[in-house]
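Let's take a walk through this model together, one piece at a time. Have your viewer ready, and pause wherever you like.

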Amino acid sequence: MMISTKGRYALRFLTDIAEHQGDSFVPLKEVAVRQEISEKYLEIVVKELVRGGLLIAMRGKGGGYRLNRPPEEYGVKSIVELMEGPLAPVACLGPEQDACPRSKECQTLPLWQGLDKVISEYLAQFTLADLMRG
């Protein structure tokens, strides 16, 4: 499993917004400069974050983006899943998958289930607030 730039940039963008929003909206251009990420690419990432309900957007003068709840309420796992989709290491463990007809005989299934659990539990223990603290 490899997290794409969309997933990584989403975490960087949200962390940056959390650190800089104060009582106002943060312009995308400012985040792009601080994070050294293309504005065009960030626009794609931000659209998904807004659609996913993680950001509030405001157009015009004084516009930009801000979190719609405190950083402590943003789980890293849910952010990554929003951007990447299911994090299951193999297809048979993905959501909405029919039970594999070989699951009873599959000698590798416990390995994949364990890896899935480790990934899920590891990401679930972090929030944006944790990323802000480093």
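What follows goes through a helix pair, a residue in one of those helices, and a hairpin. Please keep in mind that this is a predicted model.

Let's begin with the helices. Helix α2 covers residues 28–35 and helix α3 covers residues 39–51. The two pack at an angle of about 115 degrees, and 10 Å separates their axes. If you look at how α2 passes α3, you will find a right-handed crossing. On the α2 side, the residues that meet α3 are Leu28, Lys29, Val31 and Ala32. Their counterparts in α3 are Glu39, Leu42, Glu43 and Val46. Sorted by character, the residues of this contact comprise five nonpolar and three charged ones, with no polar residue among them.

Stay with α2 for a moment, as glutamine 35 also has its place in this helix. Is this side chain's residue, glutamine 35, buried or exposed? Its relative accessible area is 18%, and because the cut-off for buried is under 20%, glutamine 35 counts as buried. Leaving aside residues up to four places away in sequence, glutamine 35 touches Arg12 and Asp16.

Now move along to the strands. Strand β1 (residues 55–58) and strand β2 (residues 64–67) run antiparallel, and four bridges join them. One of these pairings links methionine 58 to glycine 64, its bridge partner in β2. Together β1 and β2 form a hairpin, with five residues between the strands. Within that turn, have a look at the backbone of glycine 60, which has a positive phi of about 90 degrees.

Methods
Residues numbered from 1 in each chain as written. Predicted model: local features only at pLDDT ≥ 70, side-chain atom pairs only at ≥ 80, totals over all residues. Heavy atoms only, no water. Axes fitted to C-alpha atoms, helices over the stretch in contact; angles between N-to-C directions. Left-handed = near helix turned anticlockwise from the far one by under 90°. Contact = heavy atoms within 4.5 Å. Nonpolar A, V, L, I, M, F, W, Y, C, P; charged D, E, K, R; others polar. Pairing = 2+ DSSP bridges. Buried < 20%, exposed > 50% of the residue type's maximum accessible area, 1.4 Å probe, protein only.
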